[in-house]
Amino acid sequence: MFLRSALRHLGRRPVGTLRTPLRTLASSTREVPALTRDRYPAQRGAFSELSDEDVAVFRGILGGSDSSRVLTGPDEVQGYNIDYLRSVRGYGRVVLKPRTTAEVAELMRYCNERRLAVCPQGGNTGLVGGSVPVFDEVVLSLQLMDTVERIDEYSGIVVCQAGCVLASLEEKVGAHGLIMPLDLGAKGSCHIGGNVSTNAGGLRLVRYGNLHGSVLGVEAVTAEGRVLDLMSNFKKDNTGYHLKHLFIGSEGTLGIITRLSIFCPTASRSVNIAFLGLRSYDDVKQTFLAAKRGLGEILSSCEMIDAPSLDSCTRFFNLQSPIEKYPFYMLIETSGSDAGHDEEKLTRFLEQSMEQGLVEDGTVTGEPTKMKNIWKLRELIADSLLSDGYCFKYDLSLPLDHFYEIVLAVRERVGEHAINVTGYGHIGDSNLHLNVSCARFTPEIYALLEPFVYEYTSRLRGSVSAEHGIGFLKRKYLHYSKQAEPLRLMRQMKQLLDPNGILNPYKVLPPETPTNESAGH
């Protein structure tokens, strides 16, 4: 087996060469989706409709009548109305691009006075319909708010505007010997403000935790145009209510994050990756337990991939797996400061896992280019599944004893309605990405999947959203994870901070009155 020789010479095995950029829009050639109001019937709120006078005011705020920061052309605004998955589409008529917090505040004050609904938008890489209009909301894009204000090498604290692209931030902090505490497949497009607004998890959560711990402070603009300075330059700042947490994960419904400070750990000097083949999910589960016990503090990522997921990725992107085919794969990353110590621990862990019959084969490398290419086999799965036509994506937290069972249950339930039913994800933090791909969206397959997936998750006391958020697509299923009293308190908080309900309406909170929204067509 190759793994045995790899343990003697880390990094000797070649892997497939990536021929595609990180975030290729596999969906770019797919058909424009139906309007959200038609596919998922919902009732428009009692908001004002945009007028030419409103557009003139926006232009005045953002630089005059010829301002390029106010987009109104149908071709200009269409991309801001359609989500990355092409599962939802609004019909907003204007896109605003402020550069400063003061501009955001002025825009919000005006929209609140006029009762114009607003949809904040970052990189528009979300997967739950939270970052695009449902109806004709004003799109407030943070694309131009991309300044990195300060990187403190001593404290590891980075202060930046919300529109900074994650990959760009990663590059800039890396030049200072630091690392971003989160890593996502969409890092070439997603914004750090959007990451914080959705409390994104990603590939490093098992090591660095979620953003509620990493984000030290935020600056946010409320629906009424109030600027809340909740910034902090310290990991220790125990001064009253930690209001920053209201905006981390609230998906732009309570306020718009415009700036933030985030703690970035020191980058590891020694990083290794093992890509392993396994015969069963039970072997995956036991190998994860062995990794936690054997690798301890140097374990930085632990991912599971099933065979259909890897097959989709290698086929669509013309890549080659570095090992033979197996029912399951694991990608395990270690990060530390002592190469000899780390490689010794990794070697011992892998030898023991093979001796116990848990791991059948694999490859190990510490060479940067090869590690990057192995990571592509995991990061590009989501894009590859879009090539089938349409993909239902479910982001669930499930107990590890039952982690993969839902994939088998859904596969049996949808039968020939689906082209592919796959499961992969962050087994290190119990987060499964369940994907059901098909030629196109149909009411039949939609009815087979929802609410079945969420009912199944609820029976296991899992979470209907592990890291993608609730957005529009999951709001009517939030009650499967939140009981009535917490939901009531969430509504009261929304009413307090956004009395007119103009900020990202139709998102996160369930409809207050029953509608035919669940029908879907």
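**View 1. The two faces of strand β16 (residues 431-438).** Asn431, His433, Asn435 and Ser437 point one way from β16, while Leu432, Leu434, Val436 and Cys438 point the other way, and all are buried; buried means under 20% relative accessible area, with exposed over 50% and partly exposed in between (1.4 Å probe, protein chains only). Strand β16 is largely enclosed by the rest of the structure, because eight of its eight residues are buried. Helices and strands here are DSSP runs, numbered from the N terminus: H or I with at least four residues for a helix, E with at least two for a strand. Please keep in mind that this is a predicted model, in which local features need pLDDT of at least 70, side-chain atom pairs count only at pLDDT 80 or more, and totals for chains, interfaces and linings use all residues. Residues are numbered from 1 along each chain as its sequence is written, and side-chain values use heavy atoms, leaving out hydrogens and water.

**View 2. The partners of β16 on either hand: β14 and β15.** Two strands pair if DSSP finds at least two bridges between them. Eight bridges link β14 with β16 in the antiparallel sense, and Phe392 has Val436 of β16 as its bridge partner. With β15, strand β16 shares seven bridges, again antiparallel; here His426 is matched with Asn431 in β16. What do β15 and β16 form together? They make a hairpin with four residues between them, and Ser430 in the turn has a positive phi of about 60 degrees.

**View 3. The whole open sheet of seven strands.** Follow the strands in the order β13-β10-β12-β11-β15-β16-β14, with antiparallel pairing. Which strands sit at the edges? They are β13 (361-365) and β14 (390-397), each of which pairs on one side only. On average, neighbouring strands are turned by 15 degrees against each other, direction ignored; axes are lines fitted to C-alpha atoms, for helices over the stretch in contact, and angles run from 0 to 180 degrees between N-to-C directions. At the β13 edge, β10 (residues 270-278) pairs with β13 over five antiparallel bridges, and Ile273 has Thr365 of β13 as its bridge partner.

**View 4. Two helices packed on the sheet, α14 and α16.** Helix α14 (residues 368-379) touches β10, β11, β12, β13, β15 and β16, and its direction makes about 45 degrees with that of β10. Helix α16 (residues 405-414) touches β11, β14, β15 and β16, and its direction makes about 165 degrees with that of β15.

**View 5. Two separate nonpolar cores.** A nonpolar core is a set of buried Ala, Val, Leu, Ile, Met, Phe, Trp, Tyr and Cys residues joined through side-chain atoms within 4.5 Å. The largest core has 117 residues, of which Phe58, Ile192, Phe392, Ile406 and Val410 touch the most other members. Helix α5 (residues 101-114) gives the most to this core, with six residues. The second core has 26 residues, including Phe275, Cys313, Leu331 and Ile381.

**View 6. The largest cavity and its lining.** A cavity is a set of points on a 1 Å grid over the protein atoms alone where a 1.4 Å probe fits but cannot get out; lining residues have an atom within 4 Å of a point. Grid points are joined across faces, edges and corners, and a volume is the space filled by probe spheres set on the points. Three cavities of 30 Å³ or more turn up in the whole structure, and the largest holds about 850 Å³ of space. Of its 49 lining residues, Thr125, Gly126, Leu127, Asn195 and Thr198 lie nearest the centre. Which element supplies the largest share of the lining? Helix α7 does, with four residues.

**View 7. Ser197 in helix α7 (residues 192-197).** Ser197 is buried, with a relative accessible area of 14%. Leaving aside neighbours within four places in sequence, Ser197 is in contact (heavy atoms within 4.5 Å) with Phe247, Ile248, Gly249, Ser250, Glu251, Gly252 and Ile257.

**View 8. Backbone details in three loops.** Most residues other than glycine have a negative phi, and most peptide bonds are trans. Arg86, in the loop between α4 and β2, has a positive phi of about 60 degrees and is buried, with a relative accessible area of 18%. Asn318, in the loop between α12 and β12, has a positive phi near 55 degrees. The peptide bond from Glu450 to Pro451 is cis, with omega near 15 degrees, and Pro451 lies in the loop between α17 and α18.

Methods: 1 Å grid on protein atoms, 1.4 Å probe; cavity = no way out; pocket = protein on both sides within 12 Å on 5 of 7 lines; lining within 4 Å.
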